[in-house]
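Colleague: Please take one part of this model, the largest pocket, and discuss its lining closely. I would also welcome an account of the surrounding fold and of the backbone.

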Amino acid sequence: MIQYIIKHVPSFFFTRTVELMESEYFMAHQIAKRYEEPERSRVRGQLRHFGLNRALRVSASDAGLIPQSLYINPKGDGYPLVVADGIYFGRVSVPFHCNRPRPSKCRYAIAKANLRFESINLSFFEQPAEISPDGMGCFIVTVNPPSFEPQSVPSNIMVGVPYTDLSNWHLLVPVTEILAAYNLPAEIKVPDLAWAKLKKQLSDNETKS
């Protein structure tokens with residue numbers, strides 16, 4: 001799955017996303033410090049939510065991808081969607097002790113693209129679902145730190161490919177692991193000189209005979 005992602009998504013999208021999300025996280029913390037608890041935690045959470053949404057859209061635009069702002073129907077809170085050559089990116093935050101994304105209509109819609117990665121058990125009377133032969137639904141996952149740790153930076157920023165029911169992940173790795181895959185050394189192919197030498201020997205023998 002990592003190879004599929006790096007084939008379709010420019011590495012700059014991930015580096016820019018990390019840069020902007022860390023910046024938004026820090027700004028949310030700085031503004032929230034003006035408030036006392038319990039308001040501080042609520043303000044910080046709201047600022048993180050909207051700031052991280054913005055960061056995803058801006059990083060996509062900077063990387064030459066297609067950012068969108070969509071809304072839940074019936075109309076509710078907006079959410080960002082980034083399209084990168086058939087891969088659909090959304091965003092989610094999870095607590096440090098649980099990596100399962102909170103269910104929502106928009107997240108189910110993104111995860112639906114991953115049906116092709118899952119085995120399907122149907123009864124005799126059920127019709128098989130139409131499965132797309134390509135495409136993928138991904139989330140940029142920010143892991144919130146526990147309350148006893150600094151709140152100015154996320155514990156981690158990860159890339160996740162969720163199950164369609166959001167119960168688990170097909171893939172959940174730090175962004176650094178994705179970025180490292182772009183920089184893998186190219187495989188060095190050593191030419192097979194044995195056949196060339198054998199042909200020369202055969203030719204020399206034929207000449208002598």
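Modeller: The model is predicted. To begin with the cysteines, a disulfide requires two cysteine sulfur atoms within 2.5 Å, and the count by this rule is zero. Two cysteines may still be placed by their exposure. C138 counts as buried because its relative accessibility of 0% is under the 20% limit. C98, by contrast, has a relative accessible area of 31% and is therefore partly exposed, a class that lies between 20% and 50%.

The pocket itself comes next. The largest pocket encloses about 670 Å³ of space. Its lining is made up of 28 residues, and those closest to the centre are H49, R91, S93, R102 and R107. Several elements contribute: at least two lining residues come from each of the helices α3 (39-62) and α4 (105-111), and likewise from each of the strands β2 (78-84), β3 (87-95) and β4 (136-144). In chemical character, the lining of the largest pocket comprises 13 nonpolar residues, nine polar and six charged.

S93, one of the residues closest to the pocket centre, leads to T142, since the side chains of the two residues form a polar contact of 2.5 Å. T142 belongs to strand β4. With a relative accessible area of 0%, T142 is buried, because this value is under 20%. Beyond residues up to four places away in sequence, T142 touches M21, L52, R91, V92, S93, V94, N156 and I157. R91 thus appears in this set of contacts and also among the residues closest to the centre of the pocket.

Strand β4 is preceded by a loop that starts after α4, and G135 is found in that loop. G135 counts as buried because its relative accessibility, 8%, is under 20%. Its C-alpha atom is separated by 7.7 Å from that of N114, although the two residues are 21 apart along the chain. Apart from neighbours within four places in sequence, G135 is in contact with Y4, G86, A113, R116 and F117.

As to the wider fold, the protein chain has six helices and six strands. Read from the N terminus, these elements follow the order α-α-α-β-β-β-α-β-β-β-α-α. Buried residues make up 38% of the 209 in the protein chain. Of the contacts with a separation of 6 or more, 61% are between residues 24 or more positions apart.

Three features of the backbone deserve comment. Most peptide bonds are trans, and most residues other than glycine have a negative phi. The bond from E37 to P38 is cis, with omega near 10°, and P38 is located in the loop between α2 (11-32) and α3. D85, which is not a glycine, has a positive phi of about 55° and is situated in the loop between β2 and β3. L166, also not a glycine, has a positive phi of about 60°; its loop is the one between β5 (156-162) and β6 (169-174). The exposure of these two residues is as follows. D85 is exposed because its relative accessible area of 54% is over 50%, whereas L166 is buried because its 2% is under 20%.

Conventions. Residues numbered from 1 in each chain as written. Predicted model: local features only at pLDDT ≥ 70, side-chain atom pairs only at ≥ 80, totals over all residues. Heavy atoms only, no water. Buried < 20%, exposed > 50% of the residue type's maximum accessible area, 1.4 Å probe, protein only. 1 Å grid on protein atoms, 1.4 Å probe; cavity = no way out; pocket = protein on both sides within 12 Å on 5 of 7 lines; lining within 4 Å. Points joined across faces, edges and corners; volume = space filled by probe spheres on them. Helix = DSSP H or I, 4+ residues; strand = E, 2+ residues; numbered from the N terminus. Nonpolar A, V, L, I, M, F, W, Y, C, P; charged D, E, K, R; others polar. Polar contact = N/O pair within 3.5 Å; in protein donor to acceptor, adjacent residues only side chain to side chain. Contact = heavy atoms within 4.5 Å.
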